[in-house]
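User: Could you teach me how to read strand faces and aromatic pairs in a structure?

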Amino acid sequence: MLTTKCSLKCRNCSNLMQYYKNPEHTEYEKIISALNVLDKNVDTISEFRIIGGEPLMNKDWANIVNKLTDYNDAAEIFIYTNATIAPKENQLESFKGKKVNFIITDYGKLSKNIERMIENLEKFDISYKREPANDWVDCSRIKHHKRPLPQLEEVFKQCCVKYLYTLLDGKLYRCPFIANAANLNAIPDNPGNYVDLFVNESQMKNKIKRLVKVAKFFPGCDFCDGRPYDPTSK
């Protein structure tokens, strides 16, 4: 996650961008340092997703993408954008021949640079997918539900984003909701929700293993309304 700044402020953003009063970019050096730690402590990463906010608002976004290709040229990289900002041609040219893809959410007139973006993506033979902003699920409320243990486990079991490992400000989370709720200080700080990649590196592999394989739910899950695979489900 490159930034909490967004060129659109969607009222029910599932990543909670609407709650940020002072959104910020994550510095290039901090992202790269965290990735260095992560790279040393996992077997493989098959896919990177570049998100925000609107990731293209971070002036270092293209440098970060190119650095990711240096880490792992076999991994696919997907850049999620609302097409309000047109990438520079030299930025796109630097991705030529690399496994870089754009996922463009089309917000109609709000995506004011979408045609220019697509024209340049095709010019440099960069893969992209354009899709309308459909199928929204209202899961942006932050509320302490005080669920009993079986309900917490069920909310986690049904969650459709529990495998979206989110790197934000040097901490690794299992989902973007908890990542941003914690970053906003909207939920109590609880080390059970994340792995701080800059603390006690000697135990890092075990901490990541717990996050990935052991946890049946996280304390932050109790502040989420739930995001089930079936959005019509209660």
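Analyst: What follows goes from a strand to the aromatic rings.
This is a predicted model in which local features need pLDDT of at least 70 and side-chain atom pairs count only at pLDDT 80 or more, while totals for chains, interfaces and linings use all residues. Residues are numbered from 1 along each chain as its sequence is written, and side-chain values use heavy atoms, with hydrogens and water left out.

User: Which side chains of strand β1 are buried, and which are not?

Analyst: In a regular strand the side chains alternate between the two faces of the sheet. In β1 (residues 47-50; strands are DSSP E runs of at least two residues), Phe 48 and Ile 50 point to one face and are buried (under 20% relative accessible area, 1.4 Å probe, protein chains only), whereas Glu 47 and Arg 49 point to the other face and are not buried.

User: How are the rings of Phe 156 and Phe 218 arranged?

Analyst: Rings of Phe, Tyr and Trp (its six-membered ring) pair if their centres lie within 6.5 Å, with planes under 30 degrees apart counting as stacked, over 60 as edge-to-face and the rest as tilted. By this rule there are four aromatic pairs. The centres of Phe 156 and Phe 218 are 5.7 Å apart and their planes stand at 70°, so this pair is edge-to-face. Phe 156 counts as buried at 10% relative accessibility, and Phe 218 does so at 1%.

User: What is the geometry of the pair formed by Tyr 173 and Tyr 194?

Analyst: Tyr 173 and Tyr 194 are tilted, at 5.6 Å centre to centre with 55° between the planes, and both residues are buried.

Key:
Buried < 20%, exposed > 50% of the residue type's maximum accessible area, 1.4 Å probe, protein only. Helix = DSSP H or I, 4+ residues; strand = E, 2+ residues; numbered from the N terminus.
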